[in-house]
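Biologist: Could you take me through this model with the structure in view, one question at a time? I would like the terms explained as we meet them.

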Amino acid sequence: QVQLVESGGGLVQAGGSLRLSCAASGLTFSNYAMAWFRQAPGKEREFIGILWMGVSTLYSGSLEGRFTISRDNAKTTVYLQMNNLKPEDTAVYYCAAESQRDVLKTGWDFRSIREYHYWGQGTQVTVSS
């Protein structure tokens, strides 16, 4: 039913940029919060940021402001702009979705992978030195 498909990953040199896309279908896009996560080999899946209502975006402080999330409701697509990439950014990048209704519930932790019902298959980003 609901599908999230990431694209835009690939091989890039350190210092370069990439823009990832997450195309959503099977849901009312404007009613869902969209988040980005990443997972490096042997590491836990890490929260990157979340965008909902088209007016609020929160990011993990560990990313030092290099990443930016945006959303295009007409295209039912969310983006992750990544600048000044480093080898440490090498990972599989995932998008995730959750309804606005659930996001507003008491105790909902937007940084936890357990709180998201829908996930994409991921796209590989490899940053060379």
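Modeller: Let us begin with the aromatic rings, keeping in mind that this is a predicted model, in which local features need pLDDT of at least 70, side-chain atom pairs count only at pLDDT 80 or more, and totals for chains, interfaces and linings use all residues. Residues are numbered from 1 along each chain as its sequence is written, and side-chain values use heavy atoms, with hydrogens and water left out.

Biologist: Which residues do ring pairs link into a cluster?

Modeller: Rings of Phe, Tyr and Trp (its six-membered ring) pair if their centres lie within 6.5 Å, and planes under 30 degrees apart count as stacked, over 60 as edge-to-face and the rest as tilted. The structure holds eight aromatic pairs. The cluster that ring pairs link consists of Phe37, Phe47, Tyr94, Trp108, Phe110, Tyr116 and Trp119.

Biologist: How are the rings of Phe37 and Phe47 arranged, and why?

Modeller: Their centres are 5.5 Å apart and their planes stand at 70 degrees, so the pair is edge-to-face. The pair links distant parts of the chain, with Phe37 in strand β4 (residues 32–39) and Phe47 in strand β5 (residues 46–52), ten residues apart; strands (E, at least two residues) and helices (H or I, at least four) are DSSP runs, numbered from the N terminus. Buried means under 20% relative accessible area, exposed over 50% and partly exposed in between, with a 1.4 Å probe and protein chains only, and both Phe37 and Phe47 are buried. The arrangement asked for is edge-to-face.

Biologist: Where does Tyr116 lie, the pair partner of Phe37?

Modeller: The rings of Phe37 and Tyr116 have centres 5.4 Å apart and planes at 80 degrees, so this pair is edge-to-face. Phe37 has a relative accessible area of 0%, and Tyr116, at 5%, is buried. Phe37 and Tyr116 are 79 residues apart, and Tyr116 lies in the loop between α1 (100–103) and β10 (118–119).

Biologist: Which cysteines form a disulfide?

Modeller: A disulfide is a pair of cysteine sulfur atoms within 2.5 Å, and the structure holds one. Its sulfur atoms are 2.0 Å apart, and with 60 degrees about the S-S bond the link is right-handed. One partner is in strand β3 and the other in strand β9 (residues 91–99), 73 residues apart. The two residues are Cys22 and Cys95.

Biologist: In what order do the four strands of the open sheet stand?

Modeller: Two strands pair if DSSP finds at least two bridges between them. β1 and strand β3 (residues 18–25) pair in the antiparallel sense over five bridges, while six bridges join β7 to strand β8 (residues 77–82), again antiparallel. β1 (3–7) and β7 stand at the edges, each with a single partner strand, so one side of each is left without a neighbour in the sheet. The order is β1-β3-β8-β7.

Biologist: Which residues make up the covered face of strand β7?

Modeller: Strand β7 (residues 67–72) has an uncovered face with Thr68, Ser70 and Asp72, and Thr68 stands opposite Gln81 in β8. The covered face is made up of Phe67, Ile69 and Arg71.

Biologist: Over which ring does the charged end of Arg71 sit?

Modeller: A charge sits over a ring if NZ of Lys or CZ of Arg is within 6 Å of the ring centre and within 35 degrees of the ring normal. The charged end of Arg71 is 4.1 Å from the centre of its ring, and that ring belongs to Phe29.
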